[in-house]
Amino acid sequence: MTFSQTLREATWSDHESAEDESYLKELMSGRLSAEEYGEMVAQHYFAYLALDGAAERLADHPVAGRFVFPSLYRQQALERDLATIYGPSWESRIAPSKATRTLVARIEQVTDWPGGYIAHHYTRYMGDLSGGQFIRMELQKIYGYGKGGGVDFYVFDEIGSLPRFKNEYRARLDALDLDEAEQQRIIREVRLAYQLNTEVLAELLHTVRSAA
């Protein structure tokens, strides 16, 4: 198998566990208020500040730089979403959760290792370009958001065809010159990334239930 196939197969159960997190079930069933949805958007904001900040620092790296796509950067989209959900004072309404701080710390910790950056980039962005598109359509139905704020996080107009982009991304994974040990190290980091992201969702569920 190619590395992209090996990576997907080795981490699929972790991917499914993340998608099965109960916060997402509550969200997709329409049982959360717009502000409770905004709690997830806020945690994304802090995570992507870290991830895209790492991308900017690694843009010239001979390996990691092949996985730096400014057209994917999410900060401005997330700021539009937060302003739509919370209003112009959105910055005073949000803070990183404990789980998000742990995720951010791990992203920052591994950015001196190209494989670590690629692992977290792959985990987040390939999910956003795949299952994230279904989430966007459901959220548009539930909350009535359109382009311009609310679900802009999931809109990737600048990259053109999503299937073509994902195929190119997988081709870049397959072109990496990795020995077996490095492949396994990246796989372990992807599994950790899924775990950390799932913990963010679990903490969100606890937060919204506590407020109920």
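Arg31 is an exposed residue, with a relative accessible area of 53%, and this side chain makes a good starting point for a walk through the predicted model. The side chain of Arg31 meets that of Glu26 in a salt bridge, with an N to O distance of 3.1 Å. Side chains of opposite charge can pair in this way when their charged atoms come close. A search of the whole structure finds nine salt bridges, and two others are worth a visit below.

Before that, a step back to the whole chain is helpful. The chain contains nine helices and zero strands. Followed along the sequence, the pattern therefore reads α-α-α-α-α-α-α-α-α. The C-alpha trace spans about 50 × 30 × 30 Å along its principal axes. For 212 residues, a compact globule would have a radius of gyration near 17 Å, and the chain, at 17 Å, agrees with that expectation. Buried residues account for 51% of the 212 residues. The accessible surface comes to about 10300 Å², and carbon and sulfur atoms contribute 48% of this area. Among contacts with a separation of 6 or more, 82% join residues that are 24 or more positions apart.

One salt bridge gives a concrete picture of a link between distant parts of the sequence. The side chains of Arg191 and Asp14 meet at 2.8 Å, N to O. Arg191 belongs to helix 9 (residues 180-211) and Asp14 to helix 1, so the pair ties together parts that are 177 residues apart in sequence. The two partners can also be described by their accessibility. Asp14 counts as buried because its relative accessibility is 15%, below the 20% limit, whereas Arg191, at 39%, counts as partly exposed.

Arg191 appears again in the surroundings of Thr11. Thr11 lies in helix 1, which covers residues 3-19. Leaving out residues up to four places away in sequence, Thr11 touches Ile187, Val190, Arg191 and Tyr194. With a relative accessible area of 1%, Thr11 is buried. What lies 2.7 Å from a polar atom of the Thr11 side chain? The backbone oxygen of Leu7 is found at that distance.

A second salt bridge shows a pairing inside a single helix. Here the side chains of Arg172 and Glu168 meet, again with an N to O distance given as 2.8 Å. The two residues are four apart in helix 8 (residues 162-174), which means that about one helical turn separates them. Glu168 has a relative accessibility of 35% and so counts as partly exposed.

The final stop is Gln133, a residue of helix 7 (residues 131-143). Is Gln133 buried or exposed? Its relative accessible area is 14%, and Gln133 is therefore buried. The side chain of Gln133 reaches the backbone oxygen of Asp128 at 2.9 Å. Once neighbours within four places in sequence are set aside, the residues in contact with Gln133 are Asp128, Tyr154, Phe156 and Leu162. Asp128 thus takes part both through its backbone oxygen and as a member of this list of contacts. Leu162, also on the list, falls within the residue range of helix 8, which runs over residues 162-174.

Definitions and conventions
Residues are numbered from 1 along each chain as its sequence is written. This is a predicted model: local features need pLDDT of at least 70, side-chain atom pairs count only at pLDDT 80 or more; totals for chains, interfaces and linings use all residues. Side-chain values use heavy atoms; hydrogens and water are left out. Buried means under 20% relative accessible area, exposed over 50%, partly exposed in between (1.4 Å probe, protein chains only). A polar contact is a pair of N or O atoms within 3.5 Å; within protein, one must be able to donate a hydrogen and the other to accept it, and residues adjacent in sequence count only if both atoms are side-chain atoms. Contact means heavy atoms within 4.5 Å. A salt bridge is a side-chain nitrogen of Lys or Arg within 4 Å of a carboxyl oxygen of Asp or Glu. The radius of gyration is taken over C-alpha atoms; the globule rule is 2.2 Å times the number of residues to the power 0.38. Accessible areas come from the Shrake-Rupley method with a 1.4 Å probe; for residues, only the protein chains shown count as cover.
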